[in-house]
Each structure stands twice: as structure tokens, then as C-alpha cells.
Amino acid sequence: MANLAILSTEHYFLIAGIALIAIVLLQMSFWVGGSIGSHFAQKKQMNLNLLILEQKLAAAKLERNIVEGELGWSGYRTFRVVKLVREIKDIVSIYLTPQDQRPLPFFKPGQYLTFSLDLPGEKKPLIRCYSISNAPNDEFFRCTIKNLCVEANGQKTHTAKASQYLTTQLEEGQILRARAPAGKFHIDLNEEQPVVLLAGGIGITPIFSMLASIAKFQPHRRVILFYGGRSTRDYGLKNDLQNLVRKHRNIYLLNCFSDPLESDQQGVHYDVKGHVTIDLIKSMLPSNNFQYYLCGPGQFMSALVTGLAEWGVPKEQIHFEAFGPSSVKSVRADISSPEKSRQACRIRFTRTGETVEWNESNGSLLDAAEQYGVAVNSGCRAGNCGSCEVGLLKGRVRYSKDPSVFPESGKTLSCVACPDGDVEVDA
Ligand code: FES
């Protein structure tokens, strides 16, 4: 019995040991199984989160497109001038809300509005385009306009009735008519590639809209703005720019003044004395791998677009809008592949009685008319507003780009039309 009792105790310990090991093994298997399960569960959750994020993004894009499509309008819509801000001596910002009080479409930052302006003393409305200078929002557009009248010794050497009127006579409460935002020079807010913005003088207006939109909708996207101007005296939207830079760490601003005032201090009011040059850009950037958006006067554009192309920036990454017809054309020619050249021919302007030789270097009919001092109205210079329409009395034209408005029969849009053989134009 004693032996049996000893055996029973040994068995008891043996059984207890085996049971303990079994429990430990069982727990380990639960733990291993659990962590593998939780790993897969976590991965599943992450994939789910990613899917939800992608769907949210797609929904936001869709919503933006729907808003853009549904809230756009055709023809002219009336707007009330709700606020006027004199930025500096010659530059005024106009804040516009729609009279119908419906929300505004989500425009593409960089686009412009085309206005039909009834000016005192003018028989016909003047059609003019001005860049929108704020980020998209439901309530208002802001356009920042420079008075382009040039005076020397008290005499006007260049008249610009529309900009003069808007910057000196327009009052709050007045009504203006404008077409929906248009224009192909705009930033893509669905892209993520870092951006370089290059603005010369009043070219800051569409560039500011791009910058403010990146700050609002893409606060993680890196953006560097090179601003070129004479001094603080000519610097429109300076305060708005400084506010953006102060609030957003993804934005870097470099101010270049070519002719600073005595009171302008380097390191305070500006960073570099001189113009924005391609060498400066190269010295500031780690590589050329950015999307570039440029807006400014002809020389500024011509030098920088050529410089960027020579630096090896693919032309798809260089987006620009220049002031003045010849600058756009020559800059475009600098980076475009040569088109099949058209034959030289003649343009007869029947109202002035002048016949002029035309070749590709003269550009569009509008460019040629301006080169020879023939008056032709213009607005957008891009085939969007219809203000440059002229009668085509003889011959044929080709469009350098498809216009978005269609001229009446027997007429042509001179800003995008080039003669295709000898032509006669009612101008
Ligand atoms: S200037 Fe606007 S269509 Fe020609």
C-alpha cells in the first residue's frame, strides 16, 4: 500500500507537470495565434483605412468637379462690388459677390474672369480679362488690378481705359458683369509634386491665387515663390503674401528687388538685390524636379522660360502666362517644337487701307494688326472672350488653338487666327 502511495504521489507530480506544460503550450499557441491574427487584423484595418481615404479623396474630387460643373454659368452673370482695397498707389483689389447669391464654382487657381465693362463715354462695352487673386471659396471672387496708364511729364503716354476706370472710379456697391472663370494657365490641386512659382510685378495676381490655394487645400505640398519687382512701392499683395508665409511652413518666399527704395532693407523687405534669374533659381533649388508656374512681363518670361528649358526642365513642367502678345508668342516658340512653317502672305486691313506682309514671326492677325498700328479690340488673347472678333472679308485663316467661343459667320477671332494665304480683314 505504501509503494502504491509513493507511486501515486510520483504520478500525481508527473501528471501535474504534464498538465502545466500543456497549459503553457496552449497559452503560447493562443498568444502566437493571437498575434498573427492581430497582425492580419491590423493589416486589414490599415487597408480598410487606406481604401476609405482613397474613396474620400475620390468623393472630394467628384464633389469639386460637380460644384465646378453645376455652379459654372454661361454668358454674363452680375456681381456686386462689395469691397475695394487699395493695395498700393496703382493697384486695387476688387471683391465681388454674385447678385443671385448662389454659391460660386470651384475655379482653377490661376484662371481669370472676363468682364464686360460699361464705361462712361464709351459707346460699346469694353471686354477685359483680369486674373482672380484669391483661393476658391463659395462666396466671393477677388481680382487685383493695376492701372496700366503710363504718364511721363504729366502726359499720358499709354492709355488703358478699363484698368484706369476700375482703379480710380469704381465704387463699392456698383454692379459688374463677368463670364465664368476661364483660362488654361492654372495649377493642378490633385498633383503632389513640389512647385516653383515665379512672379514678375503684377504677374503676382494669378500666382497668389495658386499659392493661397495650395496653402488652403494642400498644406503639405512644398512651394517656393520667387517674386521679382522694383521695390516695396510697386509690391502688390505684399501683406497677404507675408501672412501666408508666416502661417504656412510649406511655403518659402524669396523677394528680389531690382531698384529698392532707400527705406527698403535687405533681409527685412527683400532678400536679393537684382532680378529673378535662372542662376539664382538654380542656386536655390536642390534639383530641377519641380512644376514651374510663371507669370510676368515679356522679358522676365522669355529669360526664365528659356533658362528653365536649357536647364533640362521638361516643357510639360513649365506653365506660363505672359503679358503682351509678342512675349507669349516668342516664349512659346522658344520651348515648342517647330510647327510646319506656313507660307508668307499678305494681310489687307480694309479700313486703314494698309496691306502688310505676314510671316510666322508676325504671329496672329491680332499681333500683326498691333505691330502695324491697326486698332483691334482684345481681351483674353486666348480665344475665350470673343472681343477680338473681326470680319474676314477674303481668304482663309487657321486657328493656332481651338477657340472656346465661336465667331459669327464671316468673322474670325483675330487673337488665335493666322492667315492661311492672302486675306482681307475688316479692320
Ligand atoms: S481676345 Fe479674347 S477671344 Fe480673342
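In the predicted model, the largest nonpolar core holds 85 residues, and among these Leu113, Leu197, Ile207 and Leu211 touch the most other members. Helix H3 (residues 204-217) supplies the largest share of this core, with seven residues. In soluble globular proteins, nonpolar side chains tend to be buried together. Contacts of Leu113, when residues up to four places away in sequence are left out, are made with Cys129, Tyr130, Ile132, Phe141, Cys143, Ala178, Arg179 and Pro181.

The protein as a whole comprises 427 residues, of which 34% count as buried. Its secondary structure amounts to eight helices and 21 strands. Of the contacts with a separation of 6 or more, 65% are between residues 24 or more positions apart.

Six of the strands form an open antiparallel sheet, arranged in the order E4-E3-E8-E1-E2-E5. Strand E4 (126-131) and strand E5 (141-146) occupy the edges; each has a single partner strand, so one side of each lacks a neighbour in the sheet. From one strand to the next, the twist averages 40 degrees. Within this sheet, strand E1 (residues 77-88) pairs with strand E2 (residues 91-98) in the antiparallel sense, over eight bridges. Ile88 has Ile91 of E2 as its bridge partner. Helix H2 (residues 161-168) lies across E2, strand E3 (112-117), E4 and E5, and runs at about 115 degrees to E5.

A second arrangement, an open sheet of five strands with mixed pairing, follows the order E16-E15-E21-E17-E19. Here the edges are taken by strand E16 (354-358) and strand E19 (411-413), each of which has a single partner strand, so one side of each is without a neighbour in the sheet. The twist in this sheet averages 35 degrees from one strand to the next. Strand E15 (residues 345-349) and E16 run antiparallel and are joined by five bridges. These two strands form a hairpin with four residues between them, and Gly353 in the turn has a positive phi of about 80 degrees. E15 is also joined by three bridges to strand E21 (residues 423-426), and this pair runs parallel. Phe349 takes part in both pairings: its bridge partner in E16 is Glu354, and its bridge partner in E21 is Val425. Towards the other edge, strand E17 (residues 389-394) pairs with E19 in the antiparallel sense over three bridges, with Glu389 standing opposite Leu413 in E19.

Another pairing brings together strand E9 (residues 195-200) and strand E13, which are parallel and share five bridges. In this pair, Val195 has Gln291 of E13 as its bridge partner. Strand E13 (residues 291-296) is largely enclosed by the rest of the structure, because five of its six residues are buried.

Helix H6 (residues 298-310) contains 13 residues and spans 18 Å from its first C-alpha to its last, close to the 18 Å expected at 1.5 Å a residue. The buried residues of H6 are Phe300, Met301, Leu304, Val305 and Leu308. They lie on the same side of H6 because they cover an arc of only 105 degrees around the axis. An α-helix has 3.6 residues a turn, so residues three or four places apart point the same way. The exposed residues Gln299 and Glu310 are carried on the face of H6 turned away from its buried side. Just after H6, Gly312 adopts a positive phi of about 100 degrees.

Val272 is located in strand E12 (residues 272-273). This residue counts as partly exposed because it has 17 C-beta neighbours inside 10 Å, whereas a residue is buried if 20 or more other C-beta atoms lie within that distance. When neighbours within four places in sequence are set aside, Val272 is in contact with Leu254, Cys256 and Leu280. Gly228 lies 44 residues from Val272 in sequence, and the C-alpha to C-alpha separation of the two is 9.4 Å.

Notes
Residues are numbered from 1 along each chain as its sequence is written. This is a predicted model: local features need pLDDT of at least 70, side-chain atom pairs count only at pLDDT 80 or more; totals for chains, interfaces and linings use all residues. The expected span of a helix is 1.5 Å times one less than its number of residues. A residue is buried if 20 or more other C-beta atoms lie within 10 Å of its own, exposed if 12 or fewer, and partly exposed in between; C-beta atoms are placed from the backbone. The arc is that of the directions from the helix axis to the C-beta atoms. A nonpolar core is a set of buried Ala, Val, Leu, Ile, Met, Phe, Trp, Tyr and Cys residues joined through C-beta atoms within 7 Å. Two residues are in contact if their C-beta atoms, placed from the backbone, lie within 7 Å. Two strands pair if DSSP finds at least two bridges between them. Axes are lines fitted to C-alpha atoms, for helices over the stretch in contact, and angles run from 0 to 180 degrees between N-to-C directions.
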